[in-house]
Amino acid sequence: MMPRRPIAWALVCLVMGCGEVPTLPLGIAYVSPVLSPAPAVVAGDTLRDSTGRAAPLQVLAYDRDNQLVSVTPATFVITSFPVRATITPAGYLIAADTITSLQLVGRIGDRLQTTPFSLPVVAQPDSLLLTSSNDTLTAAPAFSTPITVTVRGSYRGARITVPGVIVRYRIASVDGRANTDTLTRIVDDASGNAYARDTTNSSGTAARRVLLSTAGARAVVVEISASNFRGVPLGNSPLAVTIPVR
């Protein structure tokens, strides 16, 4: 998650002018960006969390000591046109049945407004497909090439790719045994940053690599899984990908 303080101070500067960070009404010093329970919402459906339950947008307020301030829930305004969603006073967003991207802002009172937030409106995903060829790792330490998957769904009779879907990767086994080497792990790129999940991009694809550190290993099995926005596993999920070591 992005750090709260620099973003929030910038927002306060926009509203009140830069200088010493002020304390606003109700003891607020700064606010978070818009917080969404999911990276996208399905066309014609409500915004949901990772369990598939309807969940609201949020903006959190903090005081000078970085403690949460209890305030009236934020209000949200859709700034993109035409307006293709509604948001209830409690922050629940219901999207129109149209594939698009919503732009919105959150407000606390009449003096604090967040930076614009973009929320894709997508098709309900139903399948997870491996779209990269199996790599062969060299002896440890070594990085695999990206293990790429594509998420697809149906919309008005057409098969399309779906952005905004969280895809999880894990090392299921090394040479048929559970991985006990914490250095052999899923990473996001060749720099070795350890992020075992990705969110499908505008092309509906996600990718992660394996960093192999187990000396003498002969094969690594990676398990890849994803669910739709109601929490139901996608077709072919989980996928098992075997990467041999030469």
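Let's start with one pair of side chains: Arg 48 forms a salt bridge with Asp 45, and their closest N and O atoms are 2.9 Å apart. Keep in mind as you look that this is a predicted model. What lets two such side chains pair up? Side chains of opposite charge can do this when their charged atoms come close.

Are these two residues buried or exposed? Arg 48 has a relative accessibility of 13%, so this residue counts as buried. Asp 45 has a relative accessibility of 10%, and therefore Asp 45 is buried as well. The cut-off behind both statements is a relative accessible area under 20%.

Now stay with Asp 45, because this residue has another partner to find: the side chains of Asp 45 and Arg 230 also meet in a salt bridge, at 3.3 Å from N to O. This pair links distant parts of the chain, with the two residues 185 residues apart. Asp 45 sits in the loop between strand S2 (41-42) and strand S3 (61-62), while Arg 230 sits in the loop between strand S18 (219-226) and strand S19 (239-244). Arg 230 counts as partly exposed, at 44% relative accessibility. Put the pieces together and you have a network of salt bridges that links Asp 45, Arg 48 and Arg 230.

Next, find another pair in the strands. The side chains of Glu 223 and Arg 170 meet in a salt bridge, with 3.0 Å between N and O. Glu 223 belongs to strand S18 and Arg 170 to strand S14, so this pair ties together parts that are 53 residues apart in sequence. Glu 223 is partly exposed, with a relative accessible area of 24%, and Arg 170 is partly exposed too, with 43%. How many salt bridges does a search of the whole structure find? The search finds five, and you have now met some of them.

Let's finish with the open space in the model. The largest pocket holds about 860 Å³ of space. Its lining is made up of 28 residues, and those that lie nearest the centre are Ser 36, Ala 38, Pro 39, Ile 166 and Arg 197. Strand S9 (117-122), strand S14 (166-174) and strand S16 (197-199) are the elements that give two or more residues to this lining. Which of them gives the most? That is S16, with three residues. Sorted by class, the lining of the largest pocket has 14 nonpolar, nine polar and five charged residues.

Notes: Residues numbered from 1 in each chain as written. Predicted model: local features only at pLDDT ≥ 70, side-chain atom pairs only at ≥ 80, totals over all residues. Heavy atoms only, no water. 1 Å grid on protein atoms, 1.4 Å probe; cavity = no way out; pocket = protein on both sides within 12 Å on 5 of 7 lines; lining within 4 Å. Points joined across faces, edges and corners; volume = space filled by probe spheres on them. Helix = DSSP H or I, 4+ residues; strand = E, 2+ residues; numbered from the N terminus. Nonpolar A, V, L, I, M, F, W, Y, C, P; charged D, E, K, R; others polar. Salt bridge = Lys/Arg side-chain N within 4 Å of Asp/Glu carboxyl O. Buried < 20%, exposed > 50% of the residue type's maximum accessible area, 1.4 Å probe, protein only.
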